[in-house]
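Me: I have a structure to look at and would like to learn how to read its features step by step. Could we begin with the empty spaces inside it?

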Amino acid sequence: MIIARPLAFLTALAGVALAIPSVGAAQTPAVAHQSAVIDIAKMRPKGLLVDPYSYMSPPHNLYYFHHIDELGFRIDPVRRSGPVFPLVTGRVAPFDATIRVEGKDVSLDEYIAQGYVTGLLVLHGDTVLYERYAHGADRRSRFVSQSVEKSIVSILVGTAIEAGKLGSVDDPVTKYLPELASSGYRDATIKNVLQMATGVDYNENYRDSTSGAASIGAALVSGMPSFSDFVRSMKPTATKPGTEFNYQSVNTQLLGLLLERVTGERLNRWAEQKLWSKLGAESDAFIYQAKGQPNSCAFACFNATVRDYARVGLLMMRGGELGGRRVVSESWVRQSTTPDADYLRPAPPDSTGRPRVGYAYQWWIPYGGEGVFVASGIYGQSIYVNPARGVVVVQTSAWPTPGGTRWLQAAREAAFSAIARQAAGR
């Protein structure tokens with residue numbers, strides 16, 4: 001049992017019927033689309049994360065987070081090919097874990113109901129111990145990753161270095177993108193960008209429609225400005241690159257532009273060639289953005305099935321190789337999941353009672369050991385990897401706000417820890 005730190009309140013999901021299939025079974029969608037049909041042309045672009053009329057807002061997100069391709073965006077496919085890496089889904093004993101949050105115990109099924117979860121899968125090794133879908137989703141649904149895409153882009157940067165397209169993470173970004181010489185990135189290295197330590201003037205406040213997060217979201221849904229122009233518009237601050245962590249989606253968008261420049265390929269095509277065709281994926285994935293957006297979205301727009309996200313986690317847990325196919329080097333996996341500066345390392349709880357989560361190359365590193373690393377996105381998207389226990393957990397969700405509530409955040413943390421303990425102890 002894992003006990004979460006005391007929290008202020010519980011936000012419960014009421015009146016939602018869940019269809020719970022057996023492990024390995026597909027759920028046939030039986031829930032009608034109850035929210036309004038969203039016309040992206042009628043959305044306020046900078047209101048993507050704050051306005052009620054948005055596919056990101058409840059109740060619409062419960063449907064659109066696994067139906068992004070119905071909104072009229074440009075869909076760039078990431079095709080699968082080759083043999084599928086098999087996940088073991090035979091007769092597995094029922095799996096549950098007790099999650100203790102705010103002094104109360106909840107089961108996994110209760111956690112799904114209370115946590116706005118649309119999909120949850122637990123792997124121990126390559127065996128599926130638990131798989132559930134809700135809100136009309138099933139194992140064929142392709143779920144938006146939000147910032148889980150950042151971790152996927154990190155893998156792709158590693159493949160570009162190993163293919164000789166990029167020299168080193170220590171290279172300045174202007175070596176490859178000279179048009180950034182007069183921007184806030186003029187002194188930043190690729191490593192600074194990977195570690196969210198660039199010092200550019202950008203605010204990731206999701207609830208402020210004047211923030212950088214709102215502006216990059218507007219570029220996503222309207223196509224204006226181009227992502228390349230947006231990145232070039234970044235101004236420097238007094239913070240020297242490589243000295244302070246500041247989570248900024250614009251940094252990952254720069255990595256996407258960098259990949260497209262040095263590979264000569266659209267981001268989806270590079271992902272297809274270097275990741276999806278070697279991963280053993282069972283389904284095509286896709287990246288979405290406005291039809292008028294000339295650049296590929298790199299920071300929050302990848303869509304795939306829960307099982308294929310689990311394969312990404314398993315790939316990383318196994319050092320960059322899966323099913324006998326090498327995707328990225330073991331050294332890149334190690335660098336990607338190992339903070340190498342004090343300001344990036346996780347730290348024990350401070351006066352607020354919350355530990356500091358660490359960061360490496362677009363992967364989060366929780367405090368507490370076991371080599372855990374996490375890909376995380378707003379509204380509750382996660383790939384949790386626990387190498388010490390051989391466990392991967394994938395969660396897709398539609399929280400009512402980007403950051404959720406304190407209960408949702410702590411419940412997710414407690415759920416993943418409890419699941420890992422239970423799975424490894426079977």
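Reply: A cavity is a set of points on a 1 Å grid over the protein atoms alone where a 1.4 Å probe fits but cannot get out, and its lining residues have an atom within 4 Å of a point. Grid points are joined across faces, edges and corners, and a volume is the space filled by probe spheres set on the points. This is a predicted model, in which local features need pLDDT of at least 70 and side-chain atom pairs count only at pLDDT 80 or more, while totals for chains, interfaces and linings use all residues. Residues are numbered from 1 along each chain as its sequence is written, and side-chain values use heavy atoms, with hydrogens and water left out.

Me: How many cavities of 30 Å³ or more does the structure hold, and which residues are the closest to the centre of the largest cavity?

Reply: There are three cavities of that volume or more, and the largest has a volume of about 150 Å³. Its lining is made of 18 residues, of which Leu49, Tyr206, Phe299, Ala300 and Ile378 are the closest to its centre.

Me: Which helix gives the largest share of that lining?

Reply: Helices (H or I, at least four residues) and strands (E, at least two) are DSSP runs, numbered from the N terminus. Here the largest share, four residues, comes from helix H5, which covers residues 212-222.

Me: Is H5 mostly covered or mostly exposed?

Reply: A residue is called buried under 20% relative accessible area, exposed over 50% and partly exposed in between, with a 1.4 Å probe and protein chains only. H5 is mostly covered, since ten of its eleven residues are buried, including Gly212, Ile216 and Leu220. Contact means heavy atoms within 4.5 Å, and the buried residues of H5 pack against helix H6 (227-232), helix H7 (249-263) and strand S8 (285-289). Just after H5, Gly223 takes a positive phi of about 85 degrees.

Me: Where is Ile365, and what is it in contact with beyond its neighbours within four places in sequence?

Reply: Ile365 lies in strand S13, residues 364-365, and is buried, with a relative accessible area of 8%. Beyond those neighbours, its contacts include Thr337, Pro346, Tyr359 and Phe373. The C-alpha atoms of Ile365 and Thr338 are separated by 7.7 Å, although the two residues are 27 apart along the chain.

Definitions and conventions:
1 Å grid on protein atoms, 1.4 Å probe; cavity = no way out; pocket = protein on both sides within 12 Å on 5 of 7 lines; lining within 4 Å.
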